[in-house]
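Me: Hello! I'd like to go through this model with you and ask how each label is earned. Could you show it to me before we start?

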Amino acid sequence: MALTPNPPRRPALGLAFALACLAAPALAAPDVVVVTGAWMRPAPARANGAGYLAITNRGRLPETLIAVASPAAAKASIHESRRIGPMMIMRRLQILTIAPGATATFAPGGLHLMLESLRKPVKIGDRVPVVLTFDRTGSMRVVFDVRADAAAPAAGGMRMQDADSPPR
Ligand SMILES: [Cu+2]
């Protein structure tokens, strides 16, 4: 003869309450991804503009930048410049992963957001919107301040080659 086991008592109401309490702070969570110092140089229409910024991942998990877009450009992408001998070579990165607590710094001569084929001239004082999309936190809108770069190296002697572009 089998004994009917007592079903375990579930604190159903208490659990629901706890879940509600856990969910509430998420609404007011601080930003996981923080962008600072977004700027770009002036550039003529149809040229490529390079945007610079710092992206900090304040979360506990890696964040991956998976897409870049701007209404100011026909196309936007993540680029990285590298000096190889006397030349600067530029290549496109499909994604960029930022470790928890790390900051990805986009600066002249290294990482940059390439705004390809600008729809109109970008002038000093303009504010250029860019949408960054991350795998976990989703999309965020960043505004790039257009200003001259006093520390810019002389343009002469530098050749850019986009390894990802079809030959023209
Ligand atoms: Cu580039």
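**The core and its surroundings**

Reply: Here the largest nonpolar core holds 23 residues, and the ones with the most contacts inside it are Val-68, Ala-72, Ala-76, Leu-113, Leu-115, Val-128 and Val-130. A nonpolar core is a set of buried Ala, Val, Leu, Ile, Met, Phe, Trp, Tyr and Cys residues joined through C-beta atoms within 7 Å.

Me: Which strands supply at least two residues of this core each?

Reply: They are strand 1 (33-40), strand 2 (49-57), strand 3 (63-69), strand 4 (73-84), strand 8 (111-118) and strand 9 (127-134). Strand 8 gives the most, with five residues. Strands here are DSSP runs of E with at least two residues, helices are runs of H or I with at least four, and both are numbered from the N terminus.

Me: What sort of model is this, and how are its residues numbered?

Reply: This is a predicted model, where local features need pLDDT of at least 70 and side-chain atom pairs count only at pLDDT 80 or more, while totals for chains, interfaces and linings use all residues. Residues are numbered from 1 along each chain as its sequence is written.

Me: What is the mean pLDDT of the protein?

Reply: The mean is 82, and 71% of the residues reach 70 or more; pLDDT is the predictor's confidence in each residue, from 0 to 100. Over residues 15-21 the pLDDT stays under 50, and the model has zero contacts for them beyond four places in sequence. Residues 153-168 also have pLDDT below 50, with 13 contacts beyond near neighbours in sequence. Where pLDDT is low, predicted coordinates should not be read in detail.

Me: What makes a residue a contact of Leu-115, and which ones does it touch?

Reply: Two residues are in contact if their C-beta atoms, placed from the backbone, lie within 7 Å. Not counting residues up to four places away in sequence, Leu-115 touches Asn-48, Gly-49, Gly-51, Ser-70, Ala-72, Ala-73 and Ala-76.

Me: Why is Pro-71 called exposed?

Reply: A residue is exposed if 12 or fewer other C-beta atoms lie within 10 Å of its own, buried if 20 or more do, and partly exposed in between, with C-beta atoms placed from the backbone. Pro-71 has 10 such neighbours, so Pro-71 is exposed. Its place is in the loop between strand 3 and strand 4. From Pro-71 to Leu-115, C-alpha to C-alpha, the distance is 9.7 Å, with their positions 44 residues apart in sequence.

Me: Why does Asp-135 count as partly exposed?

Reply: Asp-135 has 14 other C-beta atoms within 10 Å, a count between the two cut-offs, so Asp-135 is partly exposed. Asp-135 lies in the loop between strand 9 and strand 10 (138-146). Leaving aside neighbours within four places in sequence, Asp-135 is in contact with Glu-63, Thr-64 and Ile-66. The C-alpha atoms of Asp-135 and Thr-64 are separated by 5.5 Å, although these residues are 71 apart along the chain.

Me: What is notable about phi at Arg-46?

Reply: Arg-46 has a positive phi of about 70° although it is not a glycine. Most residues other than glycine have a negative phi. Arg-46 lies in the loop between strand 1 and strand 2, and with 12 other C-beta atoms within 10 Å, Arg-46 is exposed.

Me: Where does Ser-117 lie?

Reply: Ser-117 lies in strand 8. Its phi is near 55°, again a positive value in a residue other than glycine.
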